[in-house]
Amino acid sequence: MKITRRKALKLGLMGTGTLLSPFGFSVDAQADETPPCLGTGLPFSTKPSPFSPLTDRFKAPLYIPKPLEPKVSQEAKGDQPAIDYYEITMQQQQLGVVFDEKETPLKFAEFWTYNGTAPGSLIRQKKGRQSCVRFINLLNKDANNQDICTSVHLHGMASLPQYDGYAEDLIPHNHYKDYYYPNSRASILWYHDHAVHKTSRNVYMGLAGMYIVEYSPEDFCKPEYADLLPKGEFEIPLVIQDKTFEIPDQSQSNQWKLVFNDRQHQGVYADLILVNGRAYPSLKVKRQKYYFRLLNGSASRTYQLTLSRSAHQLTVEKDPLIVVGSDSGLLSQPEPLVAPGQSLRMGVAERYGVVVDFAKFPPGVKTVYLWDMGFPSNIAAPSQALMQFELEGKPIPTPELPAHLGKVTLPEELLRIRNDRLKAENRPITLSDRTFRFGRGRDWAINGRVWDANHIEANPGLWDVEVWELVNAGGWVHPVHIHLVDFQILERNGEPPRRYEQGWKDVVLLNEFETVRVIASFNPQPGKYMMHCHNIVHEDHDMMTQFEVIGRRPEDPLPQDPMSAPAQPLPAKTLGSDPPPLYQINPPTYGVLKHSCSDLDKPS
């Protein structure tokens, strides 16, 4: 029989040497072949144990990952950009879960890892300096003896379509793929698996890691403000994930096993919280400001974070958690959230930068806790402490954060550009350009459709500014992620968004029966990109669609096929031997927009 290029890619047949081609083809195949990535359902769903084994809390030191060093670095030359080359191997590995005070692992479980850790290696990159990350798939087979195939999405990056982690652009076992990233926007990002219909299992098993593009002085209202955020040992990434474990063999009580269950496609809600891969860790801190980069890396769980002075109950001393950044950049001004009346709500895949000033706590306070107040739509949503801070030494004074912090484009400027375009095209100015309904019929769907790689749900023009209306038709909450773009939230059910949401975002949490309007400029390159619910169980079953950004001007770059750079078989060629692709970014015609720092004499 004949297999089309798309079908071959979907089945994981690419990269066998005979099939590898970026231009399209057909090949003969035997009807009884078993493709390595065949199957649309999740390979296994274990019945969960009632509770994970008991653990001692707040004894294990927090694991703080060190940035991964590049294998090769090349400086800018001619039209070639400066670029760093990294290598990450995906493999199954036994890791410690529970540790004692001396960081000796006591309980072990098998994870699917990036470079042997879960979460995976931390990558830190300078804004404007490109990266190439080679991902090598040595994961082998799952519990059902099927090959584990992956697709890597760097969440928050404005990647070319073929490097965005398209759900059907799979890396089979014993294959690799080089992903190129422009690092054009400073923010907290993360990379994770995005394999079609298997994302939730793969991420839950460990395939997630943080990636940071550092802020530059021009991201702040004043360049000197860049020195006011804590750095070095006082800047710490925190990846929060929930897991359930069981002990398969009671004679080996230190050998645990991750339990995956999607509760009939509702979501994964586990009972043990890991921070940077360790259950309920503790961190010794000096009495000064710390900057924490937070990531909700869970499969389905929403968190509501605050501070408490007790490990057993939520205290009421009004200790502030100061939010300074959101998914895609700095906030225009710091937003203190005071416990217990205010909390930081984090849907799946949302990221926030927060500052905690431990110098503000009285001398008698020795421990402080990052506390999750629970969220109503979670299954099993206890209010509990997630990690402990042990305060040491005397207070160290540090400068106060400025009232005006980051440059954020004013949403009214985006609306003006959008409305001017509609007027020029003699079109009516409506509240929204497009509407997307998230609901459940036979399965999770967007506008009544499940994932279909041949269907395009929207086709905005390159650099067009559009308002999208996201509607939750009921049945669950949905953290909605739009690839490629950063957006701003205009309103929730006609009301302004929370103050800490009033910055650049790429995920927005939709409550049941809630309508949220967001505005975005669709840039910097054309092509097909996905939008989906980031309760990744919902994404797998099958709440995902795609849009295609269309170039309209003669000078706009040509769109790239998201399947045009398929994985290749091992052995791999020398890292850095291929020149990086050029990210052709033609600026918009509307020029520079006003931002939150335009007039510091007025409120942002």
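What follows is a walk through this structure, from its one disulfide to its strands, its pocket and a few unusual backbone spots. Keep in mind that the model is predicted.

Let's begin with the cysteines. Searching the whole structure turns up one disulfide, and the bond runs between C221 and C597, with the sulfurs 1.8 Å apart. The torsion about the S-S bond is -70°, which makes this link left-handed. Where do the two ends sit along the chain? C221 belongs to the loop between β11 (208–214) and β12 (235–243), while C597 is in the segment after β35 (568–569), so the bond ties together parts that are 376 residues apart in sequence. Both ends are tucked away: C221 is buried at 12% relative accessible area, and C597 is buried too, at 9%. Two further cysteines are worth a look while you are at it. C132 has a relative accessible area of 0% and is buried, and C533 likewise counts as buried at 0%.

Since C221 follows β11 in that loop, β11 is a handy way into the strands. Six bridges join β11 to β10, and the two run antiparallel. If you want a register mark for that pairing, take I188, whose bridge partner in β11 is I212. Strand β10 also pairs with β8 (residues 152–155), again in the antiparallel sense, over four bridges. Here the register mark is V152, which has D193 of β10 as its bridge partner. So how covered is β10 (residues 187–193)? Mostly: seven of its seven residues are buried. In a regular strand, side chains alternate between the two faces of the sheet. With every one of the seven residues of β10 buried, you may like to look at the strand from either side.

Further along the chain there is another sheet to trace. Five strands make up an open sheet with mixed pairing, in the order β17-β25-β24-β19-β22. At the edges you'll find β17 (282–286) and β22 (344–346), each pairing on one side only. Neighbouring strands in this sheet are turned by 25° against each other on average, ignoring direction. Inside that order, β24 (residues 367–372) and β25 (residues 384–392) pair antiparallel over six bridges. To get the alignment of these two, find V368, which stands opposite F389 in β25.

Two serines in loops make a nice contrast. S251 sits in the loop between β13 (245–246) and β14 (257–258), and at 62% relative accessibility S251 is exposed. S300, in the loop between β18 (289–296) and β19 (303–308), is buried at 3%. Their distances along the chain and through space are worth checking as well. S251 and L274 are 23 residues apart along the chain, with 25 Å between their C-alpha atoms. For S300 and N535, 235 residues apart along the chain, the C-alpha atoms are separated by 4.6 Å.

Next, the pocket. The largest pocket has a volume of about 1000 Å³. Its lining has 29 residues, and those closest to the centre are S184, R185, T409, W504 and N523. Sorted by class, the lining has 15 nonpolar, eight polar and six charged residues.

Finally, the backbone. Most residues other than glycine have a negative phi, and most peptide bonds are trans. Against that background, a few places deserve a second look. The peptide bond from A118 to P119 is cis, with omega near 0°, and P119 is in the loop between β5 (105–114) and β6 (123–126). A second cis bond runs from H541 to D542, with omega near 20°. D542 is in the loop between α4 (536–540) and β34 (544–549).

Then there are the positive phi values. Q264, which isn't a glycine, has phi near 55°. Its place is the loop between β14 and β15 (272–275), and Q264 is exposed at 67% relative accessible area. A349 has a positive phi as well, near 80°, and lies in the loop between β22 and β23 (351–357). Is A349 buried or exposed? Buried, with 0% relative accessibility. And β22, where that loop starts, takes you back to an edge of the five-stranded sheet.

Note on methods:
Residues are numbered from 1 along each chain as its sequence is written. This is a predicted model: local features need pLDDT of at least 70, side-chain atom pairs count only at pLDDT 80 or more; totals for chains, interfaces and linings use all residues. Side-chain values use heavy atoms; hydrogens and water are left out. On a 1 Å grid over the protein atoms alone, a cavity is a set of points where a 1.4 Å probe fits but cannot get out, and a pocket is an open set with protein on both sides within 12 Å along at least five of seven lines; lining residues have an atom within 4 Å of a point. Grid points are joined across faces, edges and corners, and a volume is the space filled by probe spheres set on the points. Ala, Val, Leu, Ile, Met, Phe, Trp, Tyr, Cys and Pro count as nonpolar, Asp, Glu, Lys and Arg as charged, and the others, Gly among them, as polar. Two strands pair if DSSP finds at least two bridges between them. Axes are lines fitted to C-alpha atoms, for helices over the stretch in contact, and angles run from 0 to 180 degrees between N-to-C directions. A disulfide is a pair of cysteine sulfur atoms within 2.5 Å. Buried means under 20% relative accessible area, exposed over 50%, partly exposed in between (1.4 Å probe, protein chains only).
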